[in-house]
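Student: Please take one part of this model and go through it closely. I would like the pairing, the packing and the charged contacts treated together.

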Amino acid sequence: MKYRRYAAFGSSFCALAITAILFMVIVVEALGNGLVVRANEVSEEKPEYFVVKASRQWDKETFAVSGSPASLAWMLKPGIKKALMEDWKLLLVNKENLLPEGYKIETKRLSNGLLVDARIYDPLMEFLKAGNKEGCNLLVCSAYRPYERQVELYEADLAKYQGMGYSYEKACAITEETLAVPGASEHQAGLSVDIVTLRHQVLNDAFADTKAGKWLAEHAHEYGFILRYPKDKEEITGINYEPWHFRYVGKEAAEQIYELGCCLEEYVMLQNQLAILNISDKTKDY
């Protein structure tokens, strides 16, 4: 794992191997129980703004088992889908999982005027206070961002790269390496914050090597937060490494994610498969 001693590498590798095996076992059982249906049996939704680049996926997910090139497209049945969407802390937001239409949150204002989901305010304050006690001088530079603001940022970056001579498609690709498509931003959910320091306010990889960057990465899970976009997970998250971006998932999930060395997409995949088995007896009539 990224910030753990090499002595822990062996145990981490074993844990990931076990997880991969568990994925395969769960998928086989789920298919055998008829709990999933093929994605090609489901009609596609009509295109919406930006959905050409980020199709809404609350009803459909695609994943590969244990890194295999073979993937299984599937749709959760109503009873299972409802159960999986109940835990707001594990809300997955990315290109394949846009925020639900009409998504609303109650916000709370930080001392610098930025807003976050009111439910993460207290753990965030504890997180920042603990870091400041260690002399990190932490500063939240970005938090909740409404949809309209995300559109403004996206279109501004797009115009910038097109102005540099890139085609529309290439400009989109470059933009999305560091900025989420509108509707797919964690900041729109109010569950994420970008944290820097008074001395290092530039959002770059060098932040990981600062005292604050190291402390945040090593202790975030103790307060229910995770490093949302880890290094070497870019192909899964779809976002470049961001050592300043932290997401609240709750202490239990944060500790498990930290110990496994996985990203949120991988963790949610595992939880979904476990949930399918756990509630299968309750959904036989679907």
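Tutor: What follows is a close look at strand 9, its sheet and the salt bridges of the structure. The model is predicted.

Strand 9 covers residues 242-248, and seven of its seven residues are buried. The strand belongs to an open sheet of four strands, in the order 6-7-9-8, with antiparallel pairing. Strand 6 (138-142) and strand 8 stand at the edges with a single partner strand each, so one side of each has no neighbour in the sheet. From one strand to the next, the twist averages 45°.

Strand 9 has strand 7 on one side and strand 8 on the other in that order. With strand 7 (residues 192-197), the pairing is antiparallel and runs over three bridges. With strand 8 (residues 225-229), the pairing is again antiparallel, here over four bridges. Phe246 of strand 9 can be followed in both directions: Val193 has Phe246 as its bridge partner, and so does Leu227. Elsewhere in strand 9, Glu242 stands opposite Tyr229.

Helix 3 (residues 121-133) packs on this sheet and touches strand 6, strand 7, strand 8 and strand 9. The direction of helix 3 makes about 135° with that of strand 6. As background for reading the faces of a sheet, side chains in a regular strand alternate between the two faces.

The charged contacts come next. Side chains of opposite charge can pair when their charged atoms come close. Across the whole structure, a search finds eight salt bridges. One of them involves strand 8: the side chains of Arg228 and Glu186 meet at 2.7 Å, N to O. Arg228 lies in strand 8 while Glu186 lies in helix 6 (residues 186-189), so this pair ties together parts that are 42 residues apart in sequence. Arg228 has a relative accessible area of 0% and is buried. Glu186, at 2%, also counts as buried, because the cut-off is under 20%. The pair is not isolated, since salt bridges that share partners join Glu186, Arg228, Arg247 and Glu265 into one network. Arg247 brings the account back to strand 9, whose residues are 242-248.

Two further salt bridges can be set beside this one. Glu152 pairs with Arg149, with the closest N and O atoms 3.1 Å apart. Both residues lie in helix 4 (residues 147-163), three residues apart, which is about one turn of the helix. Glu152 is partly exposed, with a relative accessible area of 46%, and Arg149 counts as partly exposed at 39%. In the other case, the side chains of Asp87 and Lys89 form a salt bridge at 3.1 Å, N to O. Asp87 is partly exposed at 31% relative accessibility, and Lys89 is partly exposed at 24%.

To return to the part chosen: strand 9 is mostly covered, is paired with strand 7 and with strand 8, and is among the strands touched by helix 3.

Notes
Residues numbered from 1 in each chain as written. Predicted model: local features only at pLDDT ≥ 70, side-chain atom pairs only at ≥ 80, totals over all residues. Heavy atoms only, no water. Buried < 20%, exposed > 50% of the residue type's maximum accessible area, 1.4 Å probe, protein only. Helix = DSSP H or I, 4+ residues; strand = E, 2+ residues; numbered from the N terminus. Pairing = 2+ DSSP bridges. Axes fitted to C-alpha atoms, helices over the stretch in contact; angles between N-to-C directions. Contact = heavy atoms within 4.5 Å. Salt bridge = Lys/Arg side-chain N within 4 Å of Asp/Glu carboxyl O.
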